[in-house]
Amino acid sequence: MPKVIDAHIHLSERRDDALVRFAEMNSLTYTLEGLLESMRESSVRRGLLLSPPMKSGAPLPNEKVIELCRRSGGLLSPVVTVEPSAKEVKAAIRLAEMERKEVKAFKIRLGYVKASALSPTFEALYDYAEAEGIPVMFHTGDTVTSTGDLAKSHPLTLDALANLREELTIVLCHFGNPWFEDVAELIYKHAKVYADISGLTTGGGAYPDKFAGWLARKISEAIYFAGGPEKIIFGTDYPITAYSDALDLVRRLDVDDGDREMILWRNAETVFGL
Ligand SMILES: [Zn+2]
């Protein structure tokens, strides 16, 4: 089995975690042990851990994410979720300073929070991320809740930010699903804009096989358009997508094995400095 880095994992071990229903749908043991076991089974050597949303709507506190990473024996590295307020931005920067060797990225939950990518409240965060070379991941596209704000999570809103901040490394999560072509253009146009392919399937739906084929065509075409796979990063969005389904999507891509390897781990290693 090829080496894999999963750049998008959620876990909390809390019962009020809003992603528990996905874990049940995918028959996953949604605990640290269960996750590490799944990773070992699929040759996943490293993973980035992000806050899952709680049933209250708030993300799991970043300190808990760091604690879970500590318990993972070096397999998981934390991503600090940043909510849109001056206080939260300050706290996120302080935490990243304290855990400078551990924190691999920041995450902004576009579509779930009231702010947009260009909100002035994030300025200090972008300044810090740019100066320290820490990527900022953005939720883009479909939201798991029906009350999400798609105008704010649309991937094209990141074009203006990338224009303003050429030194900022931006990762668009979920390939802007379903706006794959918009993301193809963004990763082609901007030198420091990347996209992950996490959370695109949930194991259900009326035509799971045809849907997986459709997704694979969309991502393959984005690779042809962008002129290569250098900007595309593997992720599961565990427990939303099981490893078997996420890896199946990469297997279905109509690209050569060297390109598959870049998507599975090489690109993540470079972008996140793993
Ligand atoms: Zn996610």
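Reader: Ala, Val, Leu, Ile, Met, Phe, Trp, Tyr, Cys and Pro count as nonpolar, Asp, Glu, Lys and Arg as charged, and the others, Gly among them, as polar. How many residues of each class does the lining of the second largest pocket have?

Author: The lining of the second largest pocket has six nonpolar, five polar and three charged residues. A pocket is an open set of points on a 1 Å grid over the protein atoms alone, where a 1.4 Å probe fits, with protein on both sides within 12 Å along at least five of seven lines; lining residues have an atom within 4 Å of a point. Please note that this is a predicted model, in which local features need pLDDT of at least 70, side-chain atom pairs count only at pLDDT 80 or more, and totals for chains, interfaces and linings use all residues. Residues are numbered from 1 along each chain as its sequence is written, and side-chain values use heavy atoms, without hydrogens and water.

Reader: Which residues lie nearest the centre of that second pocket?

Author: Of its 14 lining residues, Pro 53, Gly 57, Arg 109, Tyr 112 and Thr 145 lie nearest the centre. Its space is about 270 Å³, a volume being the space filled by probe spheres set on grid points joined across faces, edges and corners.

Reader: And what about the largest pocket? How much space lies in it?

Author: The largest pocket holds about 420 Å³. Its lining of 25 residues has Tyr 112, His 139, Val 144, Asp 237 and Ile 240 nearest the centre. By class, that lining comprises eight nonpolar, 13 polar and four charged residues.

Reader: Which protein donors does the zinc ion have?

Author: The zinc ion has His 8 (NE2), His 10 (NE2) and Asp 237 (OD) as protein donors, at 2.1 to 2.2 Å. Donors are N, O and S atoms within 2.8 Å of the metal (3.2 Å for Na, K and Ca), and water is not among the atoms, so sites may look incomplete.

Reader: Where along the chain are they?

Author: The donors follow the spacing H-x1-H-x226-D. His 8 is in strand E1 (residues 4–10), while Asp 237 is in the loop between strand E8 (232–233) and helix H10 (243–252), so that this pair links parts of the chain 229 residues apart. Helices (H or I, at least four residues) and strands (E, at least two) are DSSP runs, numbered from the N terminus.

Reader: Are His 8 and Asp 237 buried or exposed?

Author: Both His 8 and Asp 237 are buried. Buried means under 20% relative accessible area, exposed over 50% and partly exposed in between (1.4 Å probe, protein chains only).

Reader: Changing topic, which peptide bonds are cis?

Author: One cis bond joins Asn 177 and Pro 178, with omega about 10°. Pro 178 sits in the loop between strand E6 (170–173) and helix H8 (180–189). The bond from Tyr 238 to Pro 239 is also cis, with omega near 5°, and Pro 239 belongs to the loop between E8 and H10.

Reader: What is the phi of Glu 13, and what is that of Ser 43?

Author: Phi is near 65° for Glu 13 and near 60° for Ser 43, each a positive value in a residue other than glycine. Glu 13 lies in the loop between E1 and helix H1 (20–25), and Ser 43 in the loop between H2 and E2.

Reader: Why does Glu 13 count as partly exposed?

Author: Glu 13 counts as partly exposed because its relative accessible area is 35%. Ser 43, in turn, is buried because its relative accessible area is 15%.

Reader: And which residues of H2 are buried?

Author: In helix H2 (residues 32–41), the buried residues are Leu 32, Gly 34, Leu 35, Leu 36, Ser 38 and Met 39.
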